[in-house]
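Trainee: Please take me closely through one part of this structure, a loop, and then show how it relates to the rest of the chain. I would like to understand each step of the reasoning.

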Amino acid sequence: SKATVLIRGESGTGKELVARLLHEQSPRHAKPFVTVNCGALPETLLESELFGHEKGAFTGADQRRVGWFEQAEGGTLFLDEVGEIPLELQVKLLRVLQEQEFERLGSTRTIRVNVRVISATNRDLAQLVEDKEFRSDLYYRINVFPVTVPPLRERAEDIPALVRHFAQKFALRMKKRIETIPAEAMKALRNYSWPGNVRELENFIERAVILTQGPDLSVPIAELKRTQNHTTPSATTTLEQAE
């Protein structure tokens, strides 16, 4: 499909992985897949990065720059954390999605592009629309086909396969041979809630592989129990009290 997709899910669930798979399974798979983290850049820089700029468009623009939309020509542009895009910039983004055209900063020449946009967010965009923090017309435009990636705690049956995958991945990287994962360890891994989702699991298994000396994966189970029993401090807790 060429449809615009909105991937929703908590942080660490693998939204970018889903976006890459959508691109690889589409007719655009031979063209670029460009990732943009909309929450990692200030508003002024984000516009320049998305749409490009001409030389002299602003202080420090000493040469022309091709933006991410042009770099993704014929392929897919993945807008991660789309809910962080400022309202002023949302108008320009909506135009590109609808008309497939825009102007670089500092230029009056209209550039046409053929780009499929896949967005991702861990925020409630519908609520942001209600709070007037996100344009409703842009929300409807990027929400053509919504995909929800469930948190790891809601798909515990996937944990054993993920554990084996990550264990082999890091064992290969560290030149270790891991043959078995103890049943008690696997049970503890399945019972843990994984607030950081797959990203947390991956980091935890990497740590376990580092600790492993023999053929059995050495899982620090006590660490899982300690984290699980930890109570979240109240909002009024000071840094000193938290420490």
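Mentor: Glu-81 is found in the loop between S3 and H4, and the model in which we see it is a predicted one. Strand S3 covers residues 76–80, and helix H4 covers residues 87–99. The backbone of Glu-81 deserves attention, for its phi is near 55°, a positive value in a residue other than glycine. Most residues other than glycine have a negative phi. How buried or exposed is Glu-81? Glu-81 counts as partly exposed because its relative accessibility is 29%, and that class lies between the limits of 20% and 50%.

The elements on either side of this loop also meet helix H2. Within H2 (residues 43–51), Leu-46, Ser-48, Glu-49, Leu-50 and Phe-51 are buried. These buried residues pack against several elements, among them strand S3 and helix H4. The other partners are strand S2 (33–37), helix H3 (68–71) and strand S4 (101–103). Just after H2 comes Gly-52, with a positive phi of about 80°; here the residue is a glycine.

Let us now turn to Val-82 and Gly-83, both of which are in contact with Thr-121. Thr-121 belongs to strand S6, which covers residues 116–121. Thr-121 counts as buried because its relative accessible area is 2%. Setting aside neighbours within four places in sequence, the contacts of Thr-121 also include Leu-6, Ile-7, Arg-8, Gly-9 and Lys-15. In addition, a polar atom of the Thr-121 side chain lies 3.0 Å from the backbone nitrogen of Arg-123.

A useful companion to Glu-81 is Trp-194, found in the loop between helix H8 (183–191) and helix H9 (197–211). Its phi is near 50°, again a positive value in a residue other than glycine. As for its surroundings, Trp-194 counts as buried because its relative accessibility is 0%, whereas Glu-81 is partly exposed.

Finally, consider the chain as a whole. Its secondary structure comes to eleven helices and seven strands. Of its 243 residues, 43% count as buried. Among contacts with a separation of 6 or more, 71% join residues 24 or more positions apart. The accessible surface is about 13,700 Å², and carbon and sulfur atoms supply 50% of that area. Along the principal axes, the C-alpha atoms fill a box of roughly 65 × 50 × 35 Å.

Note on methods. Residues are numbered from 1 along each chain as its sequence is written. This is a predicted model: local features need pLDDT of at least 70, side-chain atom pairs count only at pLDDT 80 or more; totals for chains, interfaces and linings use all residues. Side-chain values use heavy atoms; hydrogens and water are left out. Helices (H or I, at least four residues) and strands (E, at least two) are DSSP runs, numbered from the N terminus. Buried means under 20% relative accessible area, exposed over 50%, partly exposed in between (1.4 Å probe, protein chains only). Contact means heavy atoms within 4.5 Å. Accessible areas come from the Shrake-Rupley method with a 1.4 Å probe; for residues, only the protein chains shown count as cover. A polar contact is a pair of N or O atoms within 3.5 Å; within protein, one must be able to donate a hydrogen and the other to accept it, and residues adjacent in sequence count only if both atoms are side-chain atoms.
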